[in-house]
Amino acid sequence: MTPLSSSSSQSYVKDLRNEGVQIYVNGEFFPRDQAKVSIFDAGFVLGDGIWEGIRLIDGRLLAIDDHIDRLYEGATAIQLDIGFTKAGLVDEIWKCLRHNDMQDGVHIRIMISRGVKSTPNQDPRFITGGATIVIVAEWKQPNPALKETGMTLMTLTIRCSTPDVFDLRLNSHSRLNFIQALLQAINMGADEALMLDDRGFVASCNSTNFFIFRGDELWTSDGLTCFNGITRKAAIRLWRQAGLTVREAPFTLAQVYSADEAFVTGTLGGITPVATIDGRPIGDGRPGPRTARMNALYQDYLAG
């Protein structure tokens, strides 16, 4: 297994076992090159759907209750009938894992759209049946090189939206604004985009949540315009449980530039250090001891 060349927080170690993985589509299983949904599916037509990323570690689904609660909260928000109880949907995830003989080191992407439409339009009343449910389970580990070097971020012109425009607590299939932000970052030689909110305060990255250290204090946004990250929530809880200070409040780029360390959080990558932002080194431009301590706390959490 060799790491991919990408330095994105979403990069991972290539695993040839994934070529034989079968994909769950509405209760049936298909080889990955044969798994398909209709061109009239609401997820394809409009991005009308929700998703979750979940990790399987040593036979347990990490933070599964938090993930399922977030998924169903999103479904309620957009009036999407999943067609399963929470427990029933978790059973379907386990069915997919057992089918592929998976016990550890797995990342699961569950994607649920409103279903097939009679014609490609916006109106949800044109749905012809139930929700479309796809589960992709892959052996996937984060790229270890990022833990050694740290990521490069670039602050972008595209802002994180407020709830009256688009609520980022909703894990929606619609991600075009974040893809645009990431493209800007990539075109400027960065790994990921750092995004501000409508007030000009630091909010989030395009696919991860953002933290800085100032001394031993852990700073993150007030949460008004960032992802409802489950790994974000775990990092905040773990630092507080260690008897240390967490500050959830607005802060500016000027405060970021003078921070001692920075890192991002995500389901796959866990705790990923940040080396530079907007061409400026954060601290000494290398992963630092506080981020290493946070990662150690998180690894203990993963180990149960």
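Select serine 8 first. Leaving aside neighbours within four places in sequence, serine 8 is in contact with Leu146 and Asp191. Contact here means heavy atoms within 4.5 Å. Serine 8 sits in the segment before strand E1 (22-25). Helices (H or I, at least four residues) and strands (E, at least two) are DSSP runs, numbered from the N terminus. Serine 8 counts as buried because its relative accessibility is 15%. The cut-offs are these: buried is under 20% relative accessible area, exposed is over 50%, and partly exposed is in between (1.4 Å probe, protein chains only). Now add phenylalanine 126, which is 118 residues from serine 8 along the chain; their C-alpha atoms are separated by 38 Å.

Before moving on, note that this is a predicted model: local features need pLDDT of at least 70, side-chain atom pairs count only at pLDDT 80 or more, and totals for chains, interfaces and linings use all residues. Residues are numbered from 1 along each chain as its sequence is written, and side-chain values use heavy atoms, with hydrogens and water left out.

**Stop two: an open sheet**

Show strands E1 to E6. They form an open sheet of 6 strands in the order E2-E1-E6-E5-E3-E4, with antiparallel pairing. Two strands pair if DSSP finds at least two bridges between them. Which strands are at the edges? Strand E2 (28-31) and strand E4 (60-61) are, and each pairs on one side only.

Zoom in on strand E3 (residues 49-57) and strand E5 (residues 106-113). Their antiparallel pairing has 8 bridges. Find arginine 55, with histidine 107 of E5 opposite. Strands of a sheet pair through backbone hydrogen bonds, either parallel or antiparallel.

**Stop three: two loop residues**

Select alanine 63, in the loop between E4 and helix H2 (64-77). Alanine 63 is not a glycine, yet its phi is positive, at about 50°. Most residues other than glycine have a negative phi. Next pick aspartate 101, in the loop between helix H3 (86-99) and E5. This residue also has a positive phi, near 55°. Is aspartate 101 buried or exposed? Aspartate 101 counts as exposed because its relative accessibility is 54%.

**Stop four: strand E7 and its partners**

Select strand E7 (residues 151-155). E7 is mostly covered, with 4 of its 5 residues buried. Add strand E14 (residues 270-277): E7 and E14 run parallel and are joined by 3 bridges. Threonine 152 stands opposite threonine 276 in E14. Now add strand E8 (residues 192-196), which runs parallel to E7 and is joined to E7 by 3 bridges. Here methionine 154 stands opposite alanine 193.

Show helix H5 (residues 176-187) too. E7, H5 and E8 make a right-handed β-α-β unit. A crossover is right-handed if, with the strands pointing away from the viewer, the path from the first strand over the helix to the second runs clockwise.

Stay in H5 and select glutamine 184. Glutamine 184 counts as partly exposed because its relative accessibility is 26%. Apart from neighbours within four places in sequence, glutamine 184 is in contact with Leu156, Thr157 and Ile158.

**Stop five: a hairpin and a crossover**

Select strand E10 (residues 209-214) and strand E11 (residues 217-220). They pair in the antiparallel sense over 4 bridges. Phenylalanine 211 stands opposite threonine 220. E10 and E11 form a hairpin with 2 residues between them, and glycine 215 in the turn has a positive phi of about 65°.

Add strand E12 (residues 246-248). E11 and E12 run parallel, joined by 3 bridges. Leucine 218 has valine 246 in E12 as its bridge partner. The chain goes from E11 through H6 to E12 in a right-handed β-α-β crossover.

**Stop six: threonine 265**

Select threonine 265 in strand E13 (residues 261-266). Threonine 265 counts as buried because its relative accessibility is 2%. Not counting residues up to four places away in sequence, threonine 265 touches several residues, including Phe211, Thr231 and Ile271.

**Last stop: two helices**

Select helix H6 (residues 230-241) and helix H8 (residues 289-302). Their axes come within 10 Å and cross at roughly 105°. Axes are lines fitted to C-alpha atoms, for helices over the stretch in contact, and angles run from 0 to 180 degrees between N-to-C directions. H6 is therefore roughly perpendicular to H8, a label for angles of 65 to 115 degrees. Among the residues that meet are Leu238 and Trp239 in H6, and Leu297 and Tyr301 in H8. By class, this contact of H6 with H8 has 8 nonpolar, 1 polar and 3 charged residues. Ala, Val, Leu, Ile, Met, Phe, Trp, Tyr, Cys and Pro count as nonpolar, Asp, Glu, Lys and Arg as charged, and the others, Gly among them, as polar.

Conventions:
Parallel < 35°, antiparallel > 145°, perpendicular 65-115°, else oblique.
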